[in-house]
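Please walk me through this structure, from the overall fold down to the residues packed inside.

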Amino acid sequence: MVTNLHNWVGDSASRDQGFIAAIESIRSQFPAEDSWRAWCNFEFVAEDGSINDVDLLVFCPQGFFLIEVVSRGGRLEGDAGTWTWDSGGRKV
């Protein structure tokens, strides 16, 4: 596991091994500059009362990014409107 970064909040302790590996891969390459911030593995309550979880939220000079970690084999391709998942020659 990567040592604590001052600009990274949260951990991956409560998830499966695929999630931990993905988050630690990102974390190991995450810049230590103050202009970069990350919050990992947290929940919030929406106005409708639903509880929602966030895998990773990153703020950086280029903007902010909400990252959902999905453990599924294959290749994901597409653009802003259409995504295709190629899994062993089967496109979904």
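The paragraphs below go from the fold to the overall shape, then to the surface and the core.

This is a predicted model. The chain holds 1 helix and 7 strands. Read from the N terminus, the order is β-α-β-β-β-β-β-β. The helix thus comes after one strand and is followed by a run of strands.

Next, the shape. The C-alpha trace spans about 45 × 35 × 30 Å along its principal axes. The radius of gyration of the chain is 15 Å, whereas a compact globule of 92 residues would have one near 12 Å. Contacts can be read by sequence distance as well. Among those with a separation of 6 or more, 33% join residues 24 or more positions apart.

Now the surface. The accessible surface comes to about 6,600 Å². Carbon and sulfur atoms hold 54% of that area. The chain carries 14 negative side chains and 7 positive ones. The centres of these two sets lie 8 Å apart.

Turn to the interior. Of the 92 residues, 21% count as buried. Which residues make up the largest nonpolar core? There are 10 of them: Leu5, Trp8, Phe19, Ile23, Phe30, Ala38, Cys40, Leu56, Val58 and Val69. Three elements give two or more residues each to this core: α1 (17-28), β2 (37-45) and β3 (51-60).

Ala38 offers a close-up of the packing. Leaving aside residues up to four places away in sequence, Ala38 touches Asn7, Trp8 and Val9. Ala38 also touches Phe30, as well as Leu56, Leu57 and Val58. Among these partners, Trp8, Phe30, Leu56 and Val58 belong to the core too.

Conventions:
Residues numbered from 1 in each chain as written. Predicted model: local features only at pLDDT ≥ 70, side-chain atom pairs only at ≥ 80, totals over all residues. Heavy atoms only, no water. Helix = DSSP H or I, 4+ residues; strand = E, 2+ residues; numbered from the N terminus. Rg over C-alpha atoms; globule rule 2.2 N^0.38 Å. Buried < 20%, exposed > 50% of the residue type's maximum accessible area, 1.4 Å probe, protein only. Contact = heavy atoms within 4.5 Å. Areas by Shrake-Rupley, 256 points an atom, 1.4 Å probe, with all protein chains shown as cover. Lys, Arg positive; Asp, Glu negative; His and termini not counted. Charge placed at Lys NZ, Arg CZ, Asp CG, Glu CD. Core = buried A, V, L, I, M, F, W, Y, C linked by side-chain atoms within 4.5 Å.
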